[in-house]
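Here is a brief report on one protein model. It goes from the whole chain to a sheet and then to the nonpolar cores.

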Amino acid sequence: MVDWIVSAAVEKLKTILEDKVAMLVDIPDEIRKLSSTFTSIQALLEDAESRRVKDRSVKIWLEKVKDVAYDVEDILDEWMTEALKSKVADEGDGSSPSKKRKVSSILSPVTNYIIPLKLRLEIGSRIKEVRSRLDDIEKDKSQLCLRVYSAERECVDSEVGERETGSLVNRSSIVGREREKDEVVHLLLQEVTEVPFVISIVGMGGLGKTTLAQLAYNDEIVKGHFEKRMWVCVSEDFNVKGITKSIIESATGSRCDDLNLDLLQSRLHEMLHAKRFLLVLDDIWSEDNEKWDRLKLPFQTGASGSRIVITTRSENVSSAMGRGHMHKLAVLSDDDCWLVFWCKALQHRSTEERSALEEIGREIVKKCGGVPLAAKTIGSVMGSRRMRREWELILESDVWNSHDVLQGILPALLLSYHDLPPALKQCFAYFSIFPKDWEIRKNMVVKLWVAQGFIRSRDMEETGGLYFDDLLRRSLLQDAELDRDKNIFSCKMHDLVHDLAQSVAGSECSVVEMRKQSSLNLNNLRHLFLIDSDDAGDRYWATLYKAQKLRTLLRDSRISRKLPNNLFHHFRHLRALDLSHTRIQKLPPTVGKLKHLRYLDLSSTEIEVLPEEVSNCRNLQTLSLNYCDRLRKLPRGMGKMISLRHLEIDGTGIKYLPQGIGKLSSLRTLTNFIVGGDDEGCKWGELKHLNHLQGCLLITGFKNARSRDEAREAELNKKQYLHTLTFYYDDEASGDDEQKRTEEVLEILQPHTNLKELEIQSYGGSKLPKWTEDPVFSNLVNVTLRECNKCKQLPGLGKLPSLKYLQIWGMDEVRKVGGEFSGDDNNDGSGGGVVSFPKLESLSFYRMTNWEEWELRGEDDGEVMPSLLELQIKYCRKLKALPSNLPPLLQKLTLYASDVGMSSGVPLPVLPNLNHLVIRDNEELTSLPCGWLGHLTMLQQLRIGWCPELTSLPVELQHLTMLQKLNIY
């Protein structure tokens, strides 16, 4: 980790030496000497890192080197920031974005710009001071007998290409716990008189206590046995109120109001009354009998057979829970541990490789001590090792006998850390800033890495994403959650891995509760996660002001409304500041003094105005203001923030964007673009040079879209990295001329063909643009048309070759859906044998108030929707019938307030694969037509609700032999 920090400092030193301004003062010689000393020390770092585990003096020496490297980076960052400010001022507000792109990188030479003499002299003096410190450190190397490392490395660097638990588990990856799972399930099902009966799963960290609880919790028999099941991760903070609230949220599946403890317990008491429940309290540390007695008060009301399962490392915790059963989880056998290791290290190798490496692999597994987490983690390391000698080096490593084992760090985990490339070591250590049991969101942590300068590449976010994925592959992260597109959204970190991250980060990272900070060493603290409390006042902040070197401040609080006015006077080196989800209403203007600030998250706060001084943060890369619903405008000078890469303003009250946004050519994220009017805001042309935009973009303000010539300046067809685009019309087109203009503007705004998702809302034209049905949009998978109420027919979306999900809302003028929807050019229903909607899986129609007819072309003219699995028709009251030739693969049909001929006896199309049918809100339905259900031989679920006139069901219901659930409500 130290190697990476030193290399970052050396790189910036080289950049400064290219700065001609530096020649105006006596700086170059000092910088050269500093760079030379760092380079000399850098050659020894590999040896030092390998010895820090066993030699405390080496560890202290490394900390000193790291501290100086950080200070040098801060000094040089100030120099380069001043140069950048001077450059922006010189080019002026009227400069073209193309010129800005030349200075967008902070690591590019910043030459020929005037920096105030006073600042140059001050920086020169500070460089001399740190060089003197570094010289002293360099002299100590002889006493430590450090050397240039020339022997074979114990771990060859690989190329890169907190643990809140949940109840879900991947059974296929579990080895050796089937017997224990059966034992726990038996304990859950057997008859006992005590309510509730407590089962404790006890064992050391990494054994799989949570996994065993997950297996039992998700057993099908267990699911059917209990009326309510709840899962709560407790971890080290046994807060009775917080746990009670989490139990209620788990039971209801919705957020619980922040009530007092008495009201929460009363609500839980009512919920559990006379019900047989299962509650899992995972990862309990507290041995406090009094807290447990308070927590369990509402549980006494449960029915006989109710169970509480706890997982803990301590038998004392189990005893504190009172009477019950303690299940001591043993280590895995060598054979089972070998299977865990084999799946990570050898599963994808050839038979010859497996044979050559099995013997030594089994010896490595023996050193894992039967701990599955250790076997899994070291297996991930060995998965990238092809040579036998590399495996021998791991087996022979001194780490297996290191002192860290006594501190609770598994040697296998330590080896996994040593195996990381320098940049990944720094990123991994940064995870220790998050509390244990914290959900780690990938997008956030990557931006924080970028803000700290951990990633040095052209596309930093993409590289950061690869780093995150690599840590997951190495099993240093776990339990990946995926988003709708199957991309990794978040991960968790096992407690033992978190301990490792804390160990390597040392005093650099810390999590602090405001009321529990008395023993904290703040002198070298760089990264802080601050947990507020309702009684935290100025005296707590005064203590934190000692952390003068702070680079990261993340804050978790829903209480505080105010920040101390002098906060930023003390934390001048901040690079990342996260105040999201707090209740602050005002940001001190001194935020503009934070020269190093790269990441500022104010999302979901009550802030009303951003001080104009924010635009002085020239290094700012991320500004997140999502869901600041009281915020009405942005600072006028944002065009000067040329380092900005992410501007997030979803869910705000912002009416227009300040002019100059178009100069921010480094922007990767711009969630909303608001077309400005004559007197204020951005025009279309400001989008022209923002060709690096990625992700999602919402465009509003179409009332100010004057002509297609202006719209053409946006050049949306060049935004190749956008994957989601939404056009939102906030006013209706009135009159023929305005309607024509609306149609022309949207026709011009054709996006790039890489687009994956498109939504058009409240559009006022009578027809949608031709490009919406152009097959060249081969990446488009999701389309939503919402309240386009003047369109007289649907576009030919059937031509889109990759479309999977289609939602259509409103469209009041549409009365018939026919061949034009499938993309039949001659509109006579003949498709010429071409498949229409070839990939469509889900189709939804909502509130099409005048829609009466729906026709699909015949099979001889080409298939229509051959992949359709789900069809929803909601509140389309005039639709007379469904097409008789609906796709046979259809599995789920939902009909809300859409009679489709049921009341008049129109038959349901033959749907041989339909397994789920929902009928709701049909006020006229008295009975399902005879024959409607008879051919649905695969039907498994039938739900009929809110049909007040329904009096009977057809007799053929008894012939639905596959039916598993029938709900009538």
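## Overall make-up

The protein contains 28 helices and 30 strands. The model is predicted. The protein has 969 residues, and 55% of them count as buried. Its accessible surface is about 41,200 Å². Carbon and sulfur atoms account for 46% of that surface.

## A sheet of three strands

One open sheet has 3 strands in the order S6-S8-S7. The pairing is antiparallel. Strands S6 (440–441) and S7 (478–482) are the edge strands, and each pairs on one side only. In general, strands of a sheet pair through backbone hydrogen bonds.

S6 and strand S8 (residues 488–492) run antiparallel and are joined by 2 bridges. Which residue of S8 stands opposite Arg441? Ser490 does.

Helix H22, residues 460–473, lies across S6, S7 and S8. The helix runs at about 45° to S8.

## Nonpolar cores

Nonpolar side chains tend to be buried together in soluble globular proteins. In this model, the largest nonpolar core has 131 residues. Leu587, Trp684, Phe727, Phe821, Phe845 and Trp854 touch the most other members. Apart from this core lies another, of 122 residues. Its members include Met80, Ala375, Leu500 and Val504.

What does Phe821 contact, leaving aside its neighbours within four places in sequence? Its partners include Phe845, which is also among the residues of the largest core that touch the most other members. Phe821 is in contact with Leu794, Pro795, Gly796, Leu797 and Gly798 as well. Leu806, Ile808, Phe837, Leu843 and Met865 complete the list.

Definitions and conventions
Residues numbered from 1 in each chain as written. Predicted model: local features only at pLDDT ≥ 70, side-chain atom pairs only at ≥ 80, totals over all residues. Heavy atoms only, no water. Pairing = 2+ DSSP bridges. Helix = DSSP H or I, 4+ residues; strand = E, 2+ residues; numbered from the N terminus. Contact = heavy atoms within 4.5 Å. Axes fitted to C-alpha atoms, helices over the stretch in contact; angles between N-to-C directions. Core = buried A, V, L, I, M, F, W, Y, C linked by side-chain atoms within 4.5 Å. Buried < 20%, exposed > 50% of the residue type's maximum accessible area, 1.4 Å probe, protein only. Areas by Shrake-Rupley, 256 points an atom, 1.4 Å probe, with all protein chains shown as cover.
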